[in-house]
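Biologist: I'd like to learn how to read a model like this one. Can you walk me through it?

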Amino acid sequence: MSNRPKVHKSRYGSRSSGGSAESASERGSNPLLKGLIIGVVVLVAVAVGVSLLAGRDAQQQEQSEVPEVSDVNIEGASLPRFDGEEPDPAMERQAPAFAATSFDGTEVSVLPGDGTAKVIGFFAHWCPHCQRELPRIAAWMADNQLPAGVEVIAVSTSVDAGRPNYPPSAWFEQEQWPAVVVRDSADQEIAEAYGLAGFPYTVGVDADGRVVARVAGELNDEAWEFLVDFVAPIPG
Amino acid sequence: MSTAQVSDFFAVLALGSLAIGWVAVVVVLAPGAEVRVRQLRPAALPLALAIATVSTAGSLYYSEIAGYVPCEMCWYQRIGMYALVPVLAVAVIRRDQRGGWYGLVLALAGLAVSVYHYQLQLFPGQGSTCDAEAPCTYQWVDSFGFVSIPFMAGCGFIGVAGLALLSLRSSP
């Protein structure tokens with residue numbers, strides 16, 4: 001009786017009935033497998049070559065002529081982070097005051113409770129929703145009158161020179177933003193103090209300085225109009 | 001070496017993985033596939049393991065060295081890609097062709113998330129808000145004008161799925 005393993009003749013050649021389907025000789029003359037291995041090695045070599053030759057170190061980020069962030073001063077307790085919780089725990093709480101500067105260096109103090117209701121909008125230059133909302137509000141303000149006793153303040157925050165639509169100063173200028181705009185600090189202190197979690201973010205503060213509305217996400221004209229009317233002081 | 005250079009390196013590997021995945025599918029579906037499948041089968045799961053391992057290393061490079069914060073969609077893709085490494089490793093070590101099934105399912109699930117994430121980056125105006133910390137619409141990486149991190153992940157998943165299919169095609 002022979003100890004040789006049984007060999008089946010198949011349509012595609014001999015296959016051993018024991019162990020691996022591929023015999024050692026078959027593996028040794030496997031052109032496809034060899035080609036695959038060579039291909040992978042070539043791929044890695046090309047990847048190394050491309051990354052070394054790309055030489056993108058020299059790529060310069062777009063420069064801004066004006067500082068896009070600046071020191072800020074905040075007074076008062078921070079609002080809780082706005083995560084959409086209902087009811088919003090920040091309602092009726094005193095909004096923090098802050099002092100910052102606009103892009104031309106003018107000092108701006110925002111003092112909730114000074115008798116003027118405020119709608120404070122937080123915008124990030126790279127956020128596509130902010131890029132849609134800012135011109136919409138600018139157009140609304142160009143065509144409409146704010147209710148008496150209401151002011152609008154925009155805060156440029158989350159500035160990143162490596163992200164799209166930089167610098168924000170040029171963006172606000174391009175959109176002809178008609179109201180006050182201030183720059184947040186590099187650490188986004190104003191945004192943190194107002195509990196920002198997503199962009200665009202709008203906070204309504206009544207004339208007594210209490211938070212009466214917080215909204216994350218784009219506002220259409222109707223929602224914006226409702227908000228400015230909602231925060232407006234009641235005449236008399 | 002800059003992050004951009006590393007990204008180009010991973011981008012080329014990702015495109016290679018994409019090619020490998022498609023070639024594997026073509027090999028499986030083409031007439032007379034048995035011969036080619038039999039010749040390539042020994043490399044299928046080890047190569048899939050290599051793709052998953054390099055993809056995982058790339059993912060960790062971006063979050064731990066480059067400092068890019070993973071967004072929600074990135075985490076879903078990580079679940080698929082990271083799990084592929086031990087699953088395929090066990091399959092390779094035990095020479096268990098059934099590992100291809102687990103690899104295929106994980107890779108297809110991850111690919112679905114990658115496709116969704118990539119189109120979010122291409123059309124960022126969906127929804128109404130951008131997460132302040134890690135917006136899913138933001139492209140940390142943009143190699144060659146179209147290769148972003150979810151694109152790379154998707155290529156990795158296609159490579160793994162194609163090779164898993166190849167390994168299964170020859171299963172008894």
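Modeller: Sure, let's go through the chains, their contact and a few helix pairs.

Modeller: This is a predicted model, where local features need pLDDT of at least 70, side-chain atom pairs count only at pLDDT 80 or more, and totals for chains, interfaces and linings use all residues. Residues are numbered from 1 along each chain as its sequence is written, while chains are lettered from A and ligands numbered from 1 in the order in which they are written.

Biologist: How many helices and strands are there in chain A?

Modeller: Helices (H or I, at least four residues) and strands (E, at least two) are DSSP runs, numbered from the N terminus. Chain A has six helices and eleven strands.

Biologist: And how do I read burial?

Modeller: A residue is buried if 20 or more other C-beta atoms, placed from the backbone, lie within 10 Å of its own, exposed if 12 or fewer, and partly exposed in between. In chain A, 33% of the 236 residues count as buried. Take V228(A), which sits in helix α6 (residues 221-231) of chain A: it counts as buried because it has 21 C-beta neighbours inside 10 Å.

Biologist: Which residues is V228(A) in contact with, leaving aside its neighbours within four places in sequence?

Modeller: Contact means that the C-beta atoms of two residues, placed from the backbone, lie within 7 Å. By that rule V228(A) touches V119(A), L146(A), P147(A) and V150(A).

Biologist: Where does V150(A) take us?

Modeller: To strand β7 (residues 150-156) of chain A, which is largely enclosed by the rest of the structure, because six of its seven residues are buried. Strands pair if DSSP finds at least two bridges between them. Strand β6 (residues 117-123) of chain A pairs with β7(A) in the parallel sense over seven bridges, and I120(A) stands opposite I153(A) in β7(A).

Biologist: How many residues does each chain put into the contact?

Modeller: Chain A puts in 33 residues and chain B 26. On the chain A side, α2(A) gives the most, with ten residues. Sorted by class, that side has 19 nonpolar, seven polar and seven charged residues; here Ala, Val, Leu, Ile, Met, Phe, Trp, Tyr, Cys and Pro count as nonpolar, Asp, Glu, Lys and Arg as charged, and the others, Gly among them, as polar. There's strand pairing across the chains too: two bridges join β9(A) to strand β1 (residues 130-131) of chain B, running antiparallel, with F199(A) opposite C130(B).

Biologist: What should I look at when two helices pack?

Modeller: Packed helices are described by the angle between their axes and the distance between the axes. Axes are lines fitted to C-alpha atoms, for helices over the stretch in contact, and angles run from 0 to 180 degrees between N-to-C directions. Under 35 degrees counts as roughly parallel, over 145 as roughly antiparallel, 65 to 115 as roughly perpendicular and the rest as oblique. For α2(A) and helix α1 (residues 3-29) of chain B, the angle is about 150° and the axes are 8 Å apart. These two are therefore roughly antiparallel. Residues that meet include L43(A) and V46(A) from α2(A), and Q5(B) and V6(B) from α1(B).

Biologist: Is the pair α3(B) and α5(B) parallel or antiparallel?

Modeller: Helix α3 (residues 72-93) and helix α5 (residues 149-169) of chain B pack at about 30°, with axes 11 Å apart. That makes α3(B) roughly parallel to α5(B). Their contact has nine nonpolar, three polar and no charged residues.
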